[in-house]
Amino acid sequence: MGNSDTYTSVLMRLRDNGNATYGMLSVYKNGKSALDIVTLEPSSFFNLPFISCIPCGKYTIVKRYSERFGWHLHIKDVDGRTLILIHAGNLYKDTEGCVVVGSRFGYANSDHVIDVIESKNTLAKLIDLLPEESEIEIVEHEEMQKWSKAS
């Protein structure tokens, strides 16, 4: 029964404020929507480790465990990068070049920068839903809003 299920995830990047990229991660099971959550990544800084989001594209994701993050997902075979993870965190500073997930956007602290909320619970739902290995496609919305510092 579980072996015949197919899972695909799509992370659509929606907005970039120069420090952080905000998105929506949709998981599809057998072509039907199974989970929609929000994401937070660093802005695009030439794919530089620890400070940049990764390039758009299709990747394999696998479940992984570490002492630091507990259960999380590893985005494999990112050109020029290693150990790109989907893990818990609330602030863009928590991303360290990875993707953090939450149930919604909101404010986790008082710096007036939009964060993700309920990250640990959301990550647990994602881990429970996905198989050991699946695919993710990362895309930019065709009308992605990049906030200009000059406006």
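**View 1. I86 and V99 face each other where β6 meets β7.** In this predicted model, I86 stands opposite V99 of strand β7. The two strands, β6 and β7, run parallel and are joined by two bridges. Strand β7 has another partner as well: β3 runs antiparallel to β7, with three bridges between them. On that side, look for V38, which stands opposite G102 in β7. Following the residues along β7, you will find V99 and V101 pointing one way, while V100 and G102 point the other way. In a regular strand, side chains alternate between the two faces of the sheet. Whichever way they point, V99, V100, V101 and G102 are all buried.

**View 2. I86 also belongs to the largest nonpolar core.** This core has 22 residues, and the members that touch the most others are I75, I86, L126 and I136. Which element gives the core its largest share? Helix α1, spanning residues 119-129, does so with three residues. A second core, separate from this one, has six residues, among them A20, V38, L40 and V116. You met V38 in the previous view, opposite G102. Nonpolar side chains tend to be buried together in soluble globular proteins.

**View 3. A closer look around I136.** Leaving out residues up to four places away in sequence, what does I136 touch? Its contacts are S9, L11, L25, G57, K58, Y59, I61 and I86. I86 and I136 are both among the core members that touch the most others.

**View 4. Y22 and F105 form an edge-to-face aromatic pair.** Two aromatic pairs turn up in a search of the whole structure. In the one shown here, the ring centres of Y22 and F105 are 5.4 Å apart and the planes meet at 80°, so the pair counts as edge-to-face. The pair links distant parts of the chain, with Y22 in strand β2 (residues 20-29) and F105 in strand β8 (residues 104-106), 83 residues apart. Is each ring's residue buried or partly exposed? Y22 is buried, at a relative accessible area of 6%, whereas F105 is partly exposed, at 31%.

**View 5. S26 and D36 meet through their side chains.** Staying with strand β2, this view turns to S26. The side chains of S26 and D36 are joined by a polar contact of 2.6 Å. S26 counts as buried because its relative accessibility is 11%, and the cut-off for buried is under 20%. Apart from its neighbours within four places in sequence, S26 is in contact with T8, S9, V10, L35 and D36. S9 is a familiar name here, as I136 touches S9 too.

**View 6. D115 is a buried acidic side chain in strand β9.** Strand β9 covers residues 115-117 and includes D115. With a relative accessibility of just 1%, D115 counts as buried. Where does the side chain of D115 reach? It comes to the backbone nitrogen of A108, at 2.7 Å. Not counting residues up to four places away in sequence, D115 touches L40, N90, L91, R104, F105, G106, Y107, A108 and N109. F105, from the aromatic pair with Y22, is thus a contact of D115 as well.

**View 7. C53 and C56 are cysteines without a disulfide.** How many disulfides does the structure hold? Zero. C53 is in no disulfide, and its nearest cysteine sulfur, that of C56, lies 7.3 Å away. That distance is too far for a bond, because a disulfide requires sulfur atoms within 2.5 Å. The two cysteines differ in their surroundings: C53 is buried, with a relative accessible area of 5%, while C56 is partly exposed, with 38%.

**View 8. F50 and E96 have a positive phi.** Most residues other than glycine have a negative phi. F50 is not a glycine, yet it has a positive phi of about 75°. F50 is found in the loop between β3 (32-42) and β4 (57-66), where it counts as exposed at 63% relative accessibility. E96, also not a glycine, has a positive phi of about 50°. The loop holding E96 runs between β6 (84-87) and β7 (99-102), the two parallel strands of the opening view. E96 is partly exposed, with a relative accessible area of 35%.

Definitions and conventions:
Residues numbered from 1 in each chain as written. Predicted model: local features only at pLDDT ≥ 70, side-chain atom pairs only at ≥ 80, totals over all residues. Heavy atoms only, no water. Helix = DSSP H or I, 4+ residues; strand = E, 2+ residues; numbered from the N terminus. Buried < 20%, exposed > 50% of the residue type's maximum accessible area, 1.4 Å probe, protein only. Core = buried A, V, L, I, M, F, W, Y, C linked by side-chain atoms within 4.5 Å. Contact = heavy atoms within 4.5 Å. Pairing = 2+ DSSP bridges. Phe/Tyr/Trp six-rings, centres within 6.5 Å; stacked < 30°, edge-to-face > 60°. Polar contact = N/O pair within 3.5 Å; in protein donor to acceptor, adjacent residues only side chain to side chain.
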